[in-house]
Amino acid sequence: MTAAYNPFEILNLPLLRGIIRHGNRVIVLQRFNWPGIAERHAFMGTPYVDEAKAKKHVAHLSEKEGKLLSLSADAEKITTLIDDPKYYLFLNTFRDPNWDAKILKHYQIKMISFLRSRMPMPPKDPIDIHLVLEYGRLKAMVNVNGTEKTFDAFEMIK
């Protein structure tokens, strides 16, 4: 088995300082799952200048999935997580401009197996998968022979 490919930017102290310097006042910090990382040990951060947009993001989360933190008042909570080696913090940006193609290539077998178990598809039909990051969650929008469905990408690749 190959090592898990993770395209997300790692949230560290210099990056956090840059986020604050760029005028972001709040961050939505939510639980994040990815292959190779123990459950409940990873978080995705989405910074916002506008608190109303951040509250809209939080409204899309399930109970206890995440919360809105002030980058000034709650900075110590965030830096404590960054400094703790048992946790992984990611930013909602990608390290690699070809992240989506690399995810599709790296996890192709798992994704196709997942789809075959959940969607009717003849063996030779083309499968179109488009990945998007929405409210801190990686989603796979799938089109097979005119049938469109959206899945949580982690569920497809775990």
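**A three-stranded sheet and its core**

In this predicted model, Val144 has Thr147 of strand S8 as its bridge partner. That pair belongs to a sheet region where strand S7 (residues 137-144) and S8 run antiparallel, joined over six bridges. Taken as a whole, the sheet is open and has three strands, ordered S6-S7-S8 with antiparallel pairing. Its edges are strand S6 (127-134) and strand S8 (147-152), each of which pairs on one side only. From one strand to the next, the twist averages 20 degrees.

Two helices sit against these strands. Helix H4 (residues 99-106) packs on the sheet by touching S6 and S7, and its direction makes about 125 degrees with that of S6. Helix H5 (residues 108-118) lies across S6, S7 and S8, at about 105 degrees to S6.

Now for the nonpolar interior. The largest nonpolar core holds 26 residues, and the ones touching the most other members are Trp34, Ile103, Leu115, Leu131, Leu138, Val142 and Met156. Two or more residues apiece come from strand S3 (42-48), H4, H5, S6, S7 and helix H6 (153-157). Of these, S7 gives the most, with four residues.

Val142 is worth a closer look. Leaving aside residues up to four places away in sequence, Val142 touches Leu115, Met119 and Met156, along with Ile127, Asp128, Ile129, Thr147, Glu148, Lys149 and Phe151. Both Leu115 and Met156 are, like Val142, among the core residues that touch the most other members.

Apart from all this there is a second, separate core of 13 residues, which includes Leu16, Phe43, Ile78 and Leu89.

Terms used: Residues numbered from 1 in each chain as written. Predicted model: local features only at pLDDT ≥ 70, side-chain atom pairs only at ≥ 80, totals over all residues. Heavy atoms only, no water. Pairing = 2+ DSSP bridges. Axes fitted to C-alpha atoms, helices over the stretch in contact; angles between N-to-C directions. Contact = heavy atoms within 4.5 Å. Core = buried A, V, L, I, M, F, W, Y, C linked by side-chain atoms within 4.5 Å. Buried < 20%, exposed > 50% of the residue type's maximum accessible area, 1.4 Å probe, protein only.
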